[in-house]
Amino acid sequence: MQHAENEPRVYDYIIMGCGISALTAAKHLLAKNAILILESYGVPGGNHQSYVIDGMEFDIGAICFNTTDEQFKHFPELLDSCLPKAVDVRKICTNGSVGQYPFDWKTEASSLTLRERLSCLASLLACRFRKDRQDDARSYARSRIGDFLYQRVGLDLYIKRLFGVDAANIDYDFALKRMQWLSRETSLSFRIGRFVRRQMKKIPSWGETVVRPPGGFGRYYEKALFRLRDQGVEFVLDEKALKIETTAGITAVTTANRTYLAKKLISTIPLDEASGLCGLPETKLPTVTLLSLFVALRGSWLPGCSILYNFHKLGNWKRITVHSDFYPGPGSYDKHCTVEITVPPGMMAPAPADAFAEVEAHLRAMKIIEGEFVLIGSSVLRNAYPIPEKGFKARRDAAIARLAAKDVTCLGRQGKFEYIPHSNVAAKETITTLNKALEPAELPQQREPVVVELRTDLPQLTVPT
C-alpha cells in the first residue's frame, strides 16, 4: 500500500496474536492486503509455548500433529520440519489400572459381575431412549454410554479436571461438537467397520502422527513467520497493545512504543482482553488457568506410554506428557515430563511445590513411578482455553458483535471464545470465519502456486528458558 514518506502507514489488516489462527489468517489474506501481525509474546506460536531447563525441553499444549492437518496445507515447511513418531496414549482408569485412552472396554468391563453387566445394559438402554431434555455435557455423555458406564469410566472426573467445573455445567452444544469421539466409540456401525478393517488389514488413510522438531514451538513457528515475512507480512513481537480506537474507518492500536493504523483488525487474543482494549464491556466469561509442572525422574516410568491422562478418582492433575520420549535430555535423568493441572475459575493456582507433592503422592500410590522424582520448574498460563459453561453463547456472541461493529473480526480459541482442541481445527475455522466475515474483494483468488525460497539472513528468535 502506498503512503507518503512522513505519514504513518495504514495497513489493510492488523492481526493481534501470532498463534496458528493468526498465521493462517495472514496467509489467507496476504495476496491482496498489507498486513501487520502484533504479538505480546517474544516468539510466535501463541499459547503453544516451550521451555528449556538444564538441556531438557518442555511444552505447554499438545505436541502431536497429523500429516493431514490443515496448517500443513498453508505452511508445508512446518510439516517438513516435523518428526514422525508413534505416540502411545493411555489413561489411569477409575480402578487404578492403566488402560487405553479414551476407553478401554476390556479393562473397564471385564471385571463386571453378571449383575453389573445387566445394570450397565439397562442403564444404557434407559438413557438412549430417555425423553428428558439434554442441555449439558453430562446428559449428552450419559445418553451415549448410560449412567452406569458414565460413572465407571471416570468421564465425569476427567471433564471436571479439564474445565475445573462439573460436566452438568458445560454447554450441550459444546459436547455435541467437541465430544464426537464419544459418539464414534459408542456407535455400533463404527465399531463393526473398524473390526472389518482390522480383519482385512486395511489401514485407513488418516495420515501419520508427527511432533514438532527439537528446539521448541517458537523455533517451529518461526518457519511460518519467515515465509510470511518474505511474502510481505510485517511482524512486531514482544509488544503489548494498550488501547484500540476506531475513528473514521481507521483503527489505531496503541502500544508503549507507538501507534499502528489499519482499516480492519483481526483479534486472536482473549475476547475480554480485546473488548477491554476497545473500551467495551467485558463478558466475564470464565477461562481455564493452567499450571504446568516440569518434572524429571531418575528411575522407572511404569506405564511406558508417552501421554497419560487421569480418569482416576484421586489426583488433581489431568495429563502427563513424557517429553523425553520425543526430545531426549542430556542424560541426567531417565525421563522428563510436563504435568498439567487445571485451576478452577476464581481460584488461585497452588504453589508449585505443594501441587508437585500431591502429584508425586498420587503417582506413587498408583505405582506409576519408581525412583527419584523432582520438580525442576513450572509455568502458570492464564486464559489457557475457554470454559463453555451453560448459557455462555449469548454473552459471547454479543461481545463478538460489539467488536465487529468496530471492524474487529474475532478468530481462534481465544478470539472467538471457542474451545478448539487442536491446531488443525483452529486453521480450518479461521478460513471458514474469514470467508463468511469478509467481502469477496478482500479474499484471495485462485492462482498458480508461488515458490518462495526461505531467507536465512533474518535474525533468529530466542526460545524462552
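Reader: At what angle do the axes of helix H1 and H16 cross?
Author: In this predicted model, local features need pLDDT of at least 70, side-chain atom pairs count only at pLDDT 80 or more, and totals for chains, interfaces and linings use all residues. Residues are numbered from 1 along each chain as its sequence is written, and side-chain values use heavy atoms, with hydrogens and water left out. The axes, lines fitted to C-alpha atoms over the stretch in contact with angles from 0 to 180 degrees between N-to-C directions, belong to H1 (residues 20-29) and H16, helices being DSSP runs of H or I with at least four residues; they come within 9 Å and cross at roughly 45°.

Reader: Which residues of H16 does H1 meet?
Author: Contact means heavy atoms within 4.5 Å. From H1, Ile20, Ser21, Thr24, Ala25, His28 and Leu29 take part, and their partners in H16 are Ser423, Ala426, Ala427, Thr430, Ile431, Leu434 and Asn435.

Reader: How far apart are the end C-alpha atoms of H16?
Author: The expected span is 1.5 Å times one less than the number of residues. The 15 residues of H16 (residues 423-437) should therefore span 21 Å, and the distance between the end C-alpha atoms agrees, at 21 Å.

Reader: Which strands are the edges of the open sheet with the order E5-E9-E6?
Author: Strands are DSSP runs of E with at least two residues, and two of them pair if DSSP finds at least two bridges between them. E5 and E9 (residues 209-211) pair in the antiparallel sense over three bridges. Each edge strand pairs on one side only, and these are E5 (64-66) and E6 (83-84).
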